[in-house]
Amino acid sequence: MIRPIVKYGEHVLHLAAEPITTVTGEIGDLVRDMVETMYAAPGVGLAAPQVGVPLRVFVVDVSAGRSKDGLMTFINPEFVEREGLQLEEEGCLSVPGFAATVGRPARAVVKGLDLEGRERIVEGRGLLARAFQHEMDHLEGRVFVDRLHGIQRDLIVRRIRKLSRSGKW
Ligand code: NI
């Protein structure tokens with residue numbers, strides 16, 4: 001089932017998410033819905049707070065469904081390693097219509113559980129490292145806009161507020 005994606009400004013998106021204590025059937029349903037929602041959007045990653053659920057889980061597929069091994073689920077993820085720096089333009093399904101250049105690690109290794117409760121450690125470089133950091137940020141209540149500074153951030157926040165006031169957000 002495709003779930004509605006919450007947008008910048010909604011409380012749940014700006015809160016640190018809680019760890020998942022048991023991988024129940026409900027969590028399985030949530031993850032399946034997140035995958036469906038991500039592909040439908042379309043996007044290359046989605047974190048649970050983006051569908052209004054403040055739990056520590058995200059899904060990612062930088063191949064956007066083209067590679068059969070592309071889809072990954074991380075429950076209670078943690079960084080194992082992060083290094084380097086890449087600067088690329090980035091957007092977010094919760095901030096539609098906006099993009100900005102964000103500094104991210106060039107390489108990131110993430111560890112977490114999959115839906116079967118098995119530990120999984122994956123090394124990401126380039127776009128995957130960027131996606132890992134972007135989704136991990138969501139679990140801390142951080143959106144890419146929060147990684148921007150000064151006028152660049154103010155401009156986006158102001159435009160969102162304006163859209164919001166006119167009921168277009
Ligand atoms: Ni996002």
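Read from the N terminus onward, the protein chain of this predicted model runs through the pattern α-β-β-β-β-β-β-β-α-α, that is, three helices and seven strands. Helices (H or I, at least four residues) and strands (E, at least two) are DSSP runs, numbered from the N terminus. The radius of gyration is 15 Å, close to the 15 Å that the globule rule gives for 169 residues, so the chain is as compact as a globular protein of that length; this radius is taken over C-alpha atoms, and the rule is 2.2 Å times the number of residues to the power 0.38. Along the principal axes, the C-alpha atoms fill a box of roughly 45 × 35 × 30 Å.

A word on conventions is useful here. Residues are numbered from 1 along each chain as its sequence is written, and side-chain values use heavy atoms, without hydrogens or water. In this predicted model, local features need pLDDT of at least 70 and side-chain atom pairs count only at pLDDT 80 or more, while totals for chains, interfaces and linings use all residues.

Of the 169 residues, 44% count as buried (under 20% relative accessible area, with exposed over 50% and partly exposed in between; 1.4 Å probe, protein chains only). Among contacts with a separation of 6 or more, 63% come from residues 24 or more positions apart, a contact being heavy atoms within 4.5 Å.

The nickel ion makes a good next stop. Its protein donors are Cys92 (SG), His134 (NE2) and His138 (NE2), at 2.0 to 2.2 Å from the ion. Donors here are N, O and S atoms within 2.8 Å of the metal (3.2 Å for Na, K and Ca); water is not among the atoms, so sites may look incomplete. Along the chain, the donors of the nickel ion are spaced as C-x41-H-x3-H. His134 and His138 are separated by about one helical turn because they stand four residues apart in helix H2 (residues 127-139). Both His134 and His138 are buried.

The backbone also offers some details worth a look. Most residues other than glycine have a negative phi, and most peptide bonds are trans. Ala41 and Pro42, however, are joined by a cis peptide bond with omega of about -10°, and Pro42 sits in the loop between helix H1 (25-40) and strand S1 (45-47). Ala64, in the loop between strand S2 (57-60) and strand S3 (72-83), has a positive phi near 55° and is partly exposed at 39% relative accessibility. Asn76, found in strand S3, likewise has a positive phi, of about 50°, and is partly exposed with a relative accessible area of 23%.
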